[in-house]
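Please look over the structure shown below, with attention to how its chains meet each other and the DNA.

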There are 2 protein chains.
Amino acid sequence: MAILTFKLNEHLYLRDPQHTKLGQNIISKSVALIDQLGFEQFTFKKLAKEIDSTEASVYRYFENKHRLLHYLISWYWSWLEYKVELAIVNLQHPEERLKACLRTIAEEKKFDPSFEFVDEEALYRIVVDELDKTYLTKWVDLDNKDGLFGSFKSLCKKIAGIIQEINPDYEFPNALVSTALLASKQQYFFLSHLPSLSNIKQDKFKHAKLYEFLETLVFNTIKK
Amino acid sequence: MAILTFKLNEHLYLRDPQHTKLGQNIISKSVALIDQLGFEQFTFKKLAKEIDSTEASVYRYFENKHRLLHYLISWYWSWLEYKVELAIVNLQHPEERLKACLRTIAEEKKFDPSFEFVDEEALYRIVVDELDKTYLTKWVDLDNKDGLFGSFKSLCKKIAGIIQEINPDYEFPNALVSTALLASKQQYFFLSHLPSLSNIKQDKFKHAKLYEFLETLVFNTIKK
DNA sequence: CATATTTGAAAGTATTACTATTATATTTGT
DNA sequence: ACAAATATAATAGTAATACTTTCAAATATG
């Protein structure tokens, strides 16, 4: 069986966590803890306790908890891009490819056994709840210079490219894709916490409905 | 001259800041300080120093800085709804009214002398940078029960109503409006910090371009 | 003018986000 | 197999934050 890992921007960490047992522990337990406590309540001290290590040891892998969040979320976007690539392979028409992208974005995220120490279901909840905290900070511009948003940009660019194939005259492909990606997680958040801001119900059809919403939004918007 | 004030949900504050000199000072200086420092770096201690008062006094008006942020942002949505109401008065066709809404959302926010102690330009920057921090917390559901999101919901509902007039068959009016409102501030953020996620340039046409993006997005999406 | 209420001043607490130091494991090269 | 290099654990310490408490002084209100 092929072993898959993503090459993530090296500014995300001090020591690559994928290469050591402790590092892998940091990743998998921090996903569980942030999911459980929320990012604000999550601390390196609590994490260290969980993995039977110390705060100082965690700090040797990540500069601070903010960079760790960046790392996890970058990992998520890389994973999603990989899933998108699988979904569009062999599809001829750009319309088909775009639909496959939106389906991948909207679909339920299930545990992927290709990546042992990452629980994708928990990670998706983290993305929904905490993504915006990676860029709504006073360090955005510095973080951007360090390339920390590379994974997200790469995914956006890929999908925006398909939109341009469908309608080269549409003026806002990147704005539309970033809006659709963020809207998908926002609506997912709203349907459980602020349902009056959505029209998608909390039931077994939510992923299908979210896809419908996205498809109409994107395809109608770019129609010539 | 008529004096305008907004009736904001009373769970937002402990003591109504609009009624006292100290309260008004808290509002106007916190807008300036949050704009300057960002919400994370803003503290009641720093605020107290600025207004020549004490931390304890500020705590008598607001339970914590999070509720103060809620207060400011609720004020903003109430103000925007008021501006939207002015903009659509006397317009017959729902299409015209919807366009007027989107124009109000996208347009440059300028200081409004009707409200002496609120700097709307600074407050808009706060909304762009900090809005999401009002709901991406572990207290969303409690805050929602307290009605803290009432102002935002009210604005959404109003615009969603117009959409339903235009196309009663469109299934996601609330989702579309919340998406468009959040997209407008996200794109505004991206164009200065992560320009590759937008297609709107940082120039004097940015508000017009943002409007164009929103108009296409909303009108195409709901087209029958 | 007496009373209630609001504010100011000062100090105190638990937690957080780190940093530093030193000792002990563990890995690695030869 | 062993010395040297490196990683980790244990412990302690710091400045800042997000509050709370107490009490006295000022101000407003009936």
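Which helices each supply at least two residues of the surface near DNA strand D? They are helix 3 (55-59) of chain A together with helix 3 (55-59) of chain B, helices being DSSP runs of H or I with at least four residues, numbered from the N terminus. This is a predicted model, in which local features need pLDDT of at least 70 and side-chain atom pairs count only at pLDDT 80 or more, while totals for chains, interfaces and linings use all residues. Residues are numbered from 1 along each chain as its sequence is written, and chains are lettered from A and ligands numbered from 1 in the order in which they are written.

DNA strand D is surrounded by 13 residues, of which the closest are Ser53(A), Ser57(A), Thr43(B), Ala56(B) and Asn64(B); a residue is near a strand if its C-beta atom, placed from the backbone, lies within 6 Å of it. Helix 3 of chain B gives the most to this surface, with 3 residues.

Between the protein chains, 38 residues of chain A are in contact with 38 residues of chain B, contact meaning that the C-beta atoms, placed from the backbone, lie within 7 Å. The largest share of the side of chain A that touches chain B, 11 residues, comes from helix 9 of chain A.

The table gives the make-up of both surfaces, with Ala, Val, Leu, Ile, Met, Phe, Trp, Tyr, Cys and Pro counted as nonpolar, Asp, Glu, Lys and Arg as charged, and the others, Gly among them, as polar.

| Surface | Nonpolar | Polar | Charged |
|---|---|---|---|
| Near DNA strand D | 4 residues | 6 residues | 3 residues |
| Side of chain A that touches chain B | 16 residues | 15 residues | 7 residues |

Methods:
Contact = placed C-beta atoms within 7 Å.
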